[in-house]
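These are my notebook entries on a single protein model. I looked up selected residues one at a time and then turned to the chain as a whole.

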Amino acid sequence: MKQNHFRLNLVKNQSVVLLSVFMALFSYTGVNGIDKAKEKIENAPVFSNFVYQGNDQVYKDNPLKADEFYNPILQGCYPDPAICRKGDDYYLVCSSFALFPGVPIFHSKDLVNWTDLGGVLNNESEFDLHDCGISAGVYAPGITYNPHNDTFYMIVTAFSGGLGNIIVKTKDPKQGWGSPIKLDFGGIDPSIFFDDDGKGYIVHNDAPDRGKERYNGHRVIKVWEYDVENDNVIPGTDKIIVDGGVDLSKKPIWIEAPHLYKKDGKYYLMCAEGGTGGWHSEVIFIGDSPKGPFTPAPSNPILTQRYFEKDRKNKVDWAGHADLVEGPDGKYYGVFLAIRPNNKNRVNIGRETFILPVDWSGTFPLFENGLLPIEPKLKMPEGVQNKTGQDGFFPNGNFTFADDFTSEKLDYRWVGLRGPREEFIETTKNGLRITPFETNVKELKPTSTLFFRQQHSNFSYAATMDYKPESENDLAGIVCLQNENSNYVFGITKKGDDYYLLLEKNQKLRRSQPAESTVVASTKIDLKNPIRLKVEAEGDDYKFSYSTNETEFENLGGTVSGDILSTDVAGGFTGCLLGLYATSANDAHPED
């Protein structure tokens, strides 16, 4: 990923004049402003009876035996995994980009059954995403447990709010994390390592020294000594330990996502190489010091899917960006990202978190079957029982997720975009109410949309909505979104005295121009009763339909292509998001 920084300039004016103007405006709007807000809340849509159902053929063709579990372990857009262990507890973090809260974190006792703990960066005042693109934000975290001070460290690059590379700490990941600490170095993909003597080291991706970049994609891995007491890198200790990759003469690209390990007195540096795409891989180096020099293994790569037929069955691709941990059975395991493209070989689901056992019986670790086509299921570690989708554990395979929004605590799978979901949602006795913002999904601003990751190529996603818009500026419904320039909106709005249901397509056809919006289809609709909205996908084919009686559905717009919901067409690093949406800034108008 290319480095990019967003800076937020804060201008503070404490003049008495400004304060006086504000107070005058407040006294003038007074009750009218409150009444207007109340009117908007009263007109907000209420969603209920939400159901997401996955229906991928690969899981039908590969039922689990008693000692097996499915791979990926985290379906949907959960890329760039990193993992650590303390005793019997495993913690795993992923990239989140512009989703809020930032850096999803999961807990497991056995590497099979995972509990969603929400997000590490959940304080909006400290983690501001309000104006960043969906593939900016925060990504490529590392997580490490330091036994010398009984502390967990999460380190990550944040391309928003002027943060840069940051670290946060906690004694217990289940109880929340401290405030971000800014670190004084550039580059991306940092991770932290603590040696047996308690010393700390940070490794990360960076550009070559000025004037030494030889080709596009030429990157280096740097190491810094880390001041554990003061939580920052020690100035002047930085050193390039990998230049380009395994073999610079072959012009390797995008060496990144480094992790340091120590085993049997030797230090190992593991990195991704080849870029997040068809040439992605994982490579390993060995050295006598955490600061190198490091020598590449003769068997590199130790994980890749780049050598196989493009049209292979149950295709898994782009494998890399890995991290290693010792499992409950004493064996090593590696988590990594990979993709499962759809029937048109497009990436709609996004990059997901997979796991494989690792053979480290020799000098170098090697992902077991990591140089063969990755299979959809694995043997569990000995003594582990598969409880995925039960007892609060994260589901995988084909599953149904239903939510009536009556629980006091909203499921962590529901996320906001560029801001917290709590800013616009409210649980009521009739369902979940979304108070619309005066922004729509095409803007680089927080939107009043509650998102859920697409987790299957074949799925259905439906919710009942009780809503009557007051004007053509009001719209509520469901969305399928890859980014602010590539999405479908399926919602209710108003024109004159009539209510309309419309399907809008937003797509950016030229990089230099704004996205073009097209109303694919619209129909006048009777809103005597709540309406049920549904989207169904079979690979690249998406269909939007509605029902006014909860049972009989009518399609609107025919079958539309999911190409704009893929990174192949839309670009970026995320997967498709499915949202419950409301706006008071609608600019899509139904046909006459």
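**Entry 1: Thr 157**

I began with a side-chain pair: Thr 157 and Asn 165 are joined by a polar contact of 2.6 Å. The model is a predicted one, and I read every value below with that in mind. I then placed Thr 157 in the fold and found that the residue belongs to strand 9, which covers residues 151–159.

Is Thr 157 buried or exposed? I found a relative accessible area of 1% for Thr 157; the cut-off for buried is under 20%, so the residue is buried.

I next listed what surrounds Thr 157, leaving aside neighbours within four places in sequence. The contacts include Gly 137, Val 138 and Tyr 139. Gly 164 and Asn 165 are also among them, as are Gly 187, Ile 188, Asp 189 and Pro 190. Asn 165 therefore appears in my notes twice, as a contact of Thr 157 and as its partner in the polar contact, given that contact means heavy atoms within 4.5 Å.

**Entry 2: Phe 544**

I looked up a second strand residue, Phe 544, and located it in strand 38 (residues 541–547). Its relative accessible area is 0%, so I recorded Phe 544 as buried.

Which residues does Phe 544 touch, not counting those up to four places away in sequence? I noted Cys 480, Tyr 488, Phe 490 and Leu 503 among them. Lys 534 and Val 535 are on the list as well, and so are Glu 554, Asn 555, Leu 556 and Val 560.

I also took one distance from this residue. The C-alpha atoms of Phe 544 and Asn 483 are 19 Å apart, with the two positions 61 residues apart along the chain.

**Entry 3: Gln 53 and Gln 57**

I found Gln 53 in strand 1, residues 46–54. Its relative accessibility is 39%, and for that reason I entered it as partly exposed.

How far apart are the C-alpha atoms of Gln 53 and Asn 458, given that the two residues are 405 residues apart along the chain? I read a separation of 8.7 Å. Asn 458 is also in contact with Gln 53, as are Phe 459 and Ser 460. Phe 399 and Thr 400 are further contacts of Gln 53, again setting aside neighbours within four places in sequence.

Gln 57 lies in helix 2, residues 57–61. At 43% relative accessibility, I noted Gln 57 as partly exposed. From Gln 57 to Ile 241, which are 184 residues apart along the chain, I read a C-alpha separation of 45 Å.

**Entry 4: Glu 382**

I located Glu 382 in the loop between strand 26 (377–379) and strand 27 (400–403). With a relative accessible area of 76%, Glu 382 is exposed. Its C-alpha atom is separated from that of Tyr 215 by 47 Å, and the two residues are 167 apart along the chain.

**Entry 5: backbone geometry**

I checked the peptide bonds before two prolines. The bond from Phe 100 to Pro 101 is cis, and its omega is near 5 degrees. Pro 101 sits in the loop between strand 5 (99–100) and strand 6 (102–108). Asn 300 and Pro 301 are likewise joined by a cis peptide bond, with omega about -5 degrees. I placed Pro 301 in the loop between strand 20 (294–296) and strand 21 (303–304).

I then looked up two non-glycine residues with positive phi. For Asp 264, phi is near 55 degrees; this residue is in the loop between strand 17 (256–263) and strand 18 (266–273). Asp 264 counts as exposed at 70% relative accessibility. For Asn 345, phi is about 60 degrees. I found Asn 345 in the loop between strand 23 (332–339) and strand 24 (352–359), partly exposed at 37% relative accessible area.

**Entry 6: the whole chain**

I closed with the totals. I noted 3 helices and 40 strands in the protein. Its C-alpha trace spans about 75 × 70 × 45 Å along the principal axes.

What radius of gyration does the protein have? I read 25 Å, which agrees with the value near 25 Å for a compact globule of 592 residues.

Of these 592 residues, 58% count as buried. Among contacts with a separation of 6 or more, 60% come from residues 24 or more positions apart. The protein exposes about 25,100 Å², with 47% supplied by carbon and sulfur atoms. Finally, I recorded 62 positive and 81 negative side chains; the centres of the two sets lie 3 Å apart.

Key: Residues numbered from 1 in each chain as written. Predicted model: local features only at pLDDT ≥ 70, side-chain atom pairs only at ≥ 80, totals over all residues. Heavy atoms only, no water. Helix = DSSP H or I, 4+ residues; strand = E, 2+ residues; numbered from the N terminus. Rg over C-alpha atoms; globule rule 2.2 N^0.38 Å. Buried < 20%, exposed > 50% of the residue type's maximum accessible area, 1.4 Å probe, protein only. Areas by Shrake-Rupley, 256 points an atom, 1.4 Å probe, with all protein chains shown as cover. Lys, Arg positive; Asp, Glu negative; His and termini not counted. Charge placed at Lys NZ, Arg CZ, Asp CG, Glu CD. Polar contact = N/O pair within 3.5 Å; in protein donor to acceptor, adjacent residues only side chain to side chain.
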